[in-house]
Structure formats: C-alpha cells, structure tokens
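Let's take a walk through this structure together, one stop at a time. Have the sequence and the 3D view side by side as you read.

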Amino acid sequence: GVLLHIVLDSVAGDVAWLWPFDQRLFSMVTVPATNAHWVVSFATHWTFGIEVVLVVGAAAMWMKARRS
C-alpha cells in the first residue's frame, strides 16, 4: 500500500525517490497555480481525474466484495 501511494503521488506531487542519498524531488506533472487556492488549482487540473477514477473504482470493488 505504501509503495502504491508513493507511485500515485509521483504523478502530480513531489517525491524524493532517492532519499537519503539525494534530496531532489521528482514529479511527472507540475500543477500550475491557476487559482487563488492550491486545492482549487489541483481540483481543476486533469490529474485530479486520475484520483477520481481510482477512488470510484476502489469503492465499486469494495461494494461488490461486500455483496458476496
């Protein structure tokens, strides 16, 4: 679970993959500050759609498993 969380954070967040040997942060996409609050900027960026799909998929799998 921890590795999956870090991999998903690497899409739009900064992760120090080489820590403690290197302090550089890596990110695949940079979300620009397009609004006054960072939450609004992230929620209107296309990468937020990935997060929504993952949460909806996990909820659907949980509901399906719970019915069985």
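A good place to begin is Ser10, which sits in helix H1. Is Ser10 buried or exposed? Ser10 counts as buried because its relative accessible area is 8%, below the 20% cut-off used for that label. If you look around Ser10, leaving out residues up to four places away in sequence, you will find that Ser10 touches Val15, Trp17, Ser27 and Met28. The side chain of Ser10 also has a polar atom 3.0 Å from the backbone oxygen of Ile6. For a sense of distance, try picking out Met61: that residue is 51 places from Ser10 along the chain, and their C-alpha atoms are 24 Å apart.

Before going further, a word on what you are looking at. This is a predicted model, and the chain has an average pLDDT of 88, with 100% of the residues scoring at least 70. Where in the chain is confidence lowest, and where is it highest? The lowest mean, 80, belongs to helix H1 (residues 2-12), while helix H3 (residues 47-67) has the highest, at 92.

Now zoom out to the whole chain. You can count three helices and zero strands, which gives the pattern α-α-α when read along the sequence. The C-alpha atoms fill a box of roughly 45 × 35 × 15 Å along the principal axes. The radius of gyration is 15 Å, whereas a compact globule of 68 residues would come out near 11 Å. Of those 68 residues, 12% count as buried. As for links across the sequence, take the contacts with a separation of 6 or more: 10% of them join residues 24 or more positions apart.

From helix H1, move on into the loop between H1 and H2, where you will meet Pro20. The peptide bond leading from Trp19 to Pro20 is cis, and its omega is near 10 degrees. Another feature to look for is a salt bridge, and the structure holds one. Side chains of opposite charge can pair when their charged atoms come close. Here the partners are Arg24 and Asp22, whose closest N and O atoms are 2.6 Å apart.

The next stop is helix H2 (residues 38-43), which includes Ser41. With a relative accessible area of 5%, Ser41 falls under the 20% limit and is therefore buried. Which residues is Ser41 in contact with, once neighbours within four places in sequence are set aside? They are Val31, Pro32, Ala33, Thr34 and Asn35. Asn35 deserves a second look: its backbone nitrogen lies 3.0 Å from a polar atom of the Ser41 side chain.

Now for the aromatic rings. How many aromatic pairs does the count come to? The count is one, formed by Phe42 and Phe48 in an edge-to-face arrangement, with 5.7 Å from centre to centre and 80 degrees between the planes. Why is the arrangement called edge-to-face? The label applies because planes over 60 degrees apart count as edge-to-face. Phe42 counts as partly exposed, at 23% relative accessibility, and Phe48 is likewise partly exposed, with a relative accessible area of 32%.

The last stop is Thr47, which lies in helix H3. Thr47 is buried, its relative accessible area being 2%. Leaving aside neighbours within four places in sequence, Thr47 is in contact with Val11, Ala12, Val29, Val31 and Phe42. Two of these names will be familiar: Val31 is also among the contacts of Ser41, and Phe42 is a member of the aromatic pair with Phe48. With Thr47 in view, you can trace your way back to Ser10, the buried residue where the walk began.

Technical notes. Residues numbered from 1 in each chain as written. Heavy atoms only, no water. Helix = DSSP H or I, 4+ residues; strand = E, 2+ residues; numbered from the N terminus. Buried < 20%, exposed > 50% of the residue type's maximum accessible area, 1.4 Å probe, protein only. Polar contact = N/O pair within 3.5 Å; in protein donor to acceptor, adjacent residues only side chain to side chain. Contact = heavy atoms within 4.5 Å. Phe/Tyr/Trp six-rings, centres within 6.5 Å; stacked < 30°, edge-to-face > 60°. pLDDT = per-residue confidence, 0-100. Salt bridge = Lys/Arg side-chain N within 4 Å of Asp/Glu carboxyl O. Rg over C-alpha atoms; globule rule 2.2 N^0.38 Å.
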